[in-house]
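Welcome! Here is a short briefing for anyone meeting this structure for the first time. Take a moment to look it over, and then we can walk through it together.

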Amino acid sequence: MLPDLPELLKANGESHKRLHCPKCDPGKQHGASLKIYRRAFKCFRCNISGGILDCLELLGLKAPQQSFPSFDMLPLWRAYQQHDSLAKEWSVSRGYPTELDVDWGYAPEGNTLRSAGIDRKTIELAGLASEKGELFSNRVVFPVKNFRGKIVGFQARAVEDSPVKWLASKPNIYGSIDKYFYFPQQVNLKSTEPLFLCEGVTDALALKVLGIEVLGSFGIQRLPLDLLLQLERPLVAVYDCDYQDFSCGERTKSWQYVLPQLAWLQRQRPDLKISCWKLPTISGATDCFDVCKYYNWHAESLYAHYQRGLRSIPTLAVETIHDLQTLLEAIAGLTITELESQAIEAKVLTHGGWLKTLSDYFL
Ligand SMILES: [Zn+2]
């Protein structure tokens with residue numbers, strides 16, 4: 001049986017009640033900030049959080065190997081898969097073409113897993129228990145896997161109006177799902193064809209319709225870049241293009257967060273070919289799904305936009321990032337072409353006074 005986090009800490013000679021966060025409070029200058037739950041932890045100062053293994057890793061402690069039998073999520077997944085025809089109905093009602101056929105499941109109203117004969121303890125270990133019973137009810141369920149194909153968690157979409165559209169399984173022994181990507185097909189880490197990177201399940205499914213191999217990140221603020229370090233194939237990032245008008249320009253929230261992270265990846269892996277697809281701005285469309293639906297899933301029209309929209313990291317940074325500090329973070333240390341440097345200079349000049357900051361970076 002899997003021990004609880006407080007028990008594991010005790011076995012390592014640590015009390016779970018007075019823990020300082022090694023990430024934001026290594027000198028133990030503040031009051032204890034790490035909150036330990038039975039199977040998860042959170043720092044209320046820097047917001048780092050995760051499951052049991054994440055916590056042990058953060059504290060530099062080892063997990064006793066025998067305590068972690070490989071926990072198999074497959075029986076739970078099978079229970080959701082039994083109702084997958086309802087997932088198909090949902091996808092058609094959302095506007096996906098009928099050809100879309102992926103590995104999905106469905107949790108009808110009530111306790112799907114219990115009805116399939118799965119015991120309470122297993123449901124809790126998987127991070128699928130809630131106060132009322134089971135976490136997912138009336139939701140389409142998508143499996144979250146690691147690159148070896150093992151299921152590590154789930155993400156589920158409400159089919160009716162719900163204040164919480166997307167819900168994830170709680171952190172379990174594999175950690176929280178945002179340490180992984182969603183991918184609707186097998187991922188080959190090595191290929192000559194590009195692998196696409198987008199935000200979330202909805203966009204990943206849209207690209208899957210077009211026959212594209214894709215990874216969807218859960219959120220934009222902390223991409224699991226360590227996984228991308230393993231890639232041996234070109235990467236094309238495509239994130240939302242919801243422009244917000246500002247008095248002194250425009251910016252996109254997603255790229256603002258994503259581009260500095262892609263730049264970090266590029267610096268670690270100069271050999272990796274990373275490009276960005278700037279989506280076309282067409283009537284109200286802001287993400288991959290919208291754009292694909294607008295063009296009625298017509299691959300040729302979309303391919304034409306794709307070719308026109310491809311950008312390097314520095315070019316897209318100049319086009320989409322408004323505040324200069326973030327812009328500089330996104331381009332610092334990257335190889336900048338002559339054209340790109342002209343664009344950067346032009347952008348900087350329109351924000352007079354920043355030229356010095358820029359020259360500090362590059363000269
Ligand atoms: Zn912290």
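How many of the five residues of β11 are buried? Five of the five are, so strand β11 is largely enclosed by the rest of the structure. Please keep in mind that this is a predicted model, with an average pLDDT of 87 for the protein. The points below begin with β11 and its partners, and then move on to the core, the domains, the confidence and a few individual residues.

**β11 and the strands around it**

- Strand β11 covers residues 195-199 and is joined to β12 by four bridges, with the two strands running parallel.
- Leu195, Leu197 and Glu199 point one way from β11, while Phe196 and Cys198 point the other way, and all of these residues are buried.
- Two residues of β11 help to place the pairing with β12: Leu197 stands opposite Leu215, and Cys198 has Gly216 as its bridge partner.
- β11 also pairs with β13, again in the parallel sense, over three bridges.
- In that pairing, Leu197 has Ala237 of β13 as its bridge partner. Leu197 therefore has a partner in β12 as well as in β13, given that a residue of each strand is matched with it.- Strand β12 (residues 214-217) is covered on both faces, with Val214 and Gly216 buried on one side and Leu215 and Ser217 buried on the other.
- Strand β10 (residues 181-182) is joined to β12 by two bridges, and these strands run antiparallel.
- Within β12, Ser217 is the bridge partner of Phe181.

**The nonpolar core**

- The largest nonpolar core has 90 residues, and the members that touch the most others are Val141, Ala237 and Leu259.
- Helix α7 (residues 200-209) gives the most to this core, contributing six residues.
- Leaving aside residues up to four places away in sequence, Leu259 touches Ile313, Leu316, Ala317, Ile321 and Ala330.

**Domains**

- The domain assignment divides the protein into domain 1 (5-67), domain 2 (74-179) and domain 3 (182-360).
- Taken over C-alpha atoms, the centres of domain 1 and domain 2 are 28 Å apart.
- Eight residues from domain 1 and seven residues from domain 2 take part in the contact.
- On the side of domain 1 that touches domain 2, β3 (49-51) and α2 (52-58) each supply at least two residues.
- That side of domain 1 is made up of three nonpolar, three polar and two charged residues.

**Confidence in the model**

- Across the protein, 91% of the residues have a pLDDT of at least 70.
- Which elements have the lowest and the highest mean pLDDT? Strand β14 (residues 243-246) has the lowest, at 52, and strand β13 (residues 235-237) has the highest, at 98.
- Over residues 246-250 the pLDDT stays under 50, and the model has seven contacts beyond four places in sequence for this stretch.

**Residues to look up in the loops**

- Lys28 lies in the loop between α1 (5-11) and β1 (34-36).
- Although Lys28 is not a glycine, its phi is positive, at about 50 degrees.
- Lys28 counts as partly exposed because it has 13 C-beta neighbours inside 10 Å.
- Asn296 sits in the loop between α10 (288-294) and α11 (299-309).
- Asn296 is not a glycine either, yet it has a positive phi of about 55 degrees.
- Is Asn296 buried or exposed? Asn296 is exposed, because 10 other C-beta atoms lie within 10 Å.
- Glu213 is found in the loop between α7 and β12, and it is partly exposed, with 18 other C-beta atoms within 10 Å.
- Not counting residues up to four places away in sequence, Glu213 touches Gln185, Val187, Glu193, Leu195 and Phe196. Of these contacts, Leu195 and Phe196 are residues of β11 that are buried.
- Glu213 and Thr326 are 113 residues apart along the chain, and 30 Å separate their C-alpha atoms.

Terms used: Residues are numbered from 1 along each chain as its sequence is written. This is a predicted model: local features need pLDDT of at least 70, side-chain atom pairs count only at pLDDT 80 or more; totals for chains, interfaces and linings use all residues. A nonpolar core is a set of buried Ala, Val, Leu, Ile, Met, Phe, Trp, Tyr and Cys residues joined through C-beta atoms within 7 Å. A residue is buried if 20 or more other C-beta atoms lie within 10 Å of its own, exposed if 12 or fewer, and partly exposed in between; C-beta atoms are placed from the backbone. Two residues are in contact if their C-beta atoms, placed from the backbone, lie within 7 Å. Domain bounds come from an automatic or database domain assignment. Ala, Val, Leu, Ile, Met, Phe, Trp, Tyr, Cys and Pro count as nonpolar, Asp, Glu, Lys and Arg as charged, and the others, Gly among them, as polar. pLDDT is the predictor's confidence in each residue, from 0 to 100. Two strands pair if DSSP finds at least two bridges between them.
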